[in-house]
Amino acid sequence: MTLRARLKPGETLGDRVMKVDHAGEHGAICIYRAQRWFARWRAPDMVPELGHFLAHERGHRALFGAELARRGQRRCRSYFWCGLGGFVLGAVTGLGGRQAIAATTVAIERVVLRHMHEQLQALSGRDQAAAGTLRQIIVEEQEHHDLSRVRLASHGLWPRILDPVVGASSHAVIWLGMRL
Ligand SMILES: [Fe+2]
Ligand SMILES: [Fe+2]
């Protein structure tokens, strides 16, 4: 699959990917912050794991942010909205409890990993700095997916609700970010 984007004058494909992913990581931070807050009440045993994921997401945002600064590029216009959307999603699913929290991570990471692998493929040999950043981050996103996947009950209600909705929303945010 080829990676499609509508680039601005003077912007490279790597620049755009760093912008979109930087905004996405900000969204992830807001999700985990809200979930961790509600998990203290709804799923206390998940608090350390959510803190672990949150620390990773902060690192990811910093890595993409450093790449943007090095390139003299500004943050994505979707940055604020990713944060707000992430916070609302994190609050709703945090209130839902452990299955809702795990189902959210699985749904998002499934889509994020697919996009990041596609981005990596498109940028390998073309933008080594962007590709290197992606390679570093993919390992941790896979860990978030796998640890949350084992927490999910096989016939739970939350994955059936969240998987299509959250999956499609994550895809739409990335799709729009690459084109607007
Ligand atoms: Fe991340
Ligand atoms: Fe993640």
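This report describes two iron sites and three helix pairs in a predicted model.

## Basis of the description

In this predicted model, local features need pLDDT of at least 70 and side-chain atom pairs count only at pLDDT 80 or more, while totals for chains, interfaces and linings use all residues. Residues are numbered from 1 along each chain as its sequence is written, chains are lettered from A and ligands numbered from 1 in the order in which they are written, and side-chain values use heavy atoms, with hydrogens and water left out.

## The iron sites

The iron ion (ligand 1) is coordinated by Glu25 (OE), Glu25 (OE), Glu57 (OE), His60 (ND1) and Glu141 (OE), at 1.9 to 2.8 Å. Donors are N, O and S atoms within 2.8 Å of the metal (3.2 Å for Na, K and Ca); water is not among the atoms, so sites may look incomplete. Along the chain, the donors of this ion follow the spacing E-x31-E-x2-H-x80-E. His60 belongs to helix 2 (residues 47–71) and Glu141 to helix 5, so the pair ties together parts that are 81 residues apart in sequence. Helices (H or I, at least four residues) are DSSP runs, numbered from the N terminus, as are strands (E, at least two).

For the iron ion (ligand 2), the protein donors are Glu57 (OE), Glu109 (OE), Glu141 (OE) and His144 (ND1), lying 1.9 to 2.4 Å from it. Their sequence spacing is E-x51-E-x31-E-x2-H. Glu141 and His144 are 3 residues apart in helix 5, and are therefore separated by about one helical turn. Glu57 bridges the iron ion (ligand 1) and the iron ion (ligand 2), which lie 3.7 Å apart.

## Helix 1 with helix 5

Helix 1 (residues 13–42) packs against helix 5 (residues 128–149) at an angle of about 25°, with the axes 12 Å apart. Axes are lines fitted to C-alpha atoms, for helices over the stretch in contact, and angles run from 0 to 180 degrees between N-to-C directions. The angle makes helix 1 roughly parallel to helix 5; angles under 35 degrees count as roughly parallel, over 145 as roughly antiparallel, 65 to 115 as roughly perpendicular and the rest as oblique.

The contact (heavy atoms within 4.5 Å) involves Gly14, Val17, Met18, Asp21, Glu25 and Tyr32 of helix 1, together with Ala130, Leu134, Ile137, Glu141 and His144 of helix 5. Glu25 and Glu141 are also among the donors of the iron ion (ligand 1).

## Helix 1 with helix 4

The axes of helix 1 and helix 4 come within 12 Å and cross at roughly 165°, which means that helix 1 is roughly antiparallel to helix 4. Among the contact residues are Asp21, Glu25 and Tyr32 of helix 1 and Thr105, Ile108 and Glu109 of helix 4. Glu109 is also one of the donors of the iron ion (ligand 2).

## Helix 4 with helix 6

Helix 4 (residues 98–123) and helix 6 (residues 157–179) have axes that come within 8 Å and cross at roughly 35°. Residues in this contact include Ala103, Ala107 and Val111 of helix 4, and Leu162, Val166 and Gly167 of helix 6.
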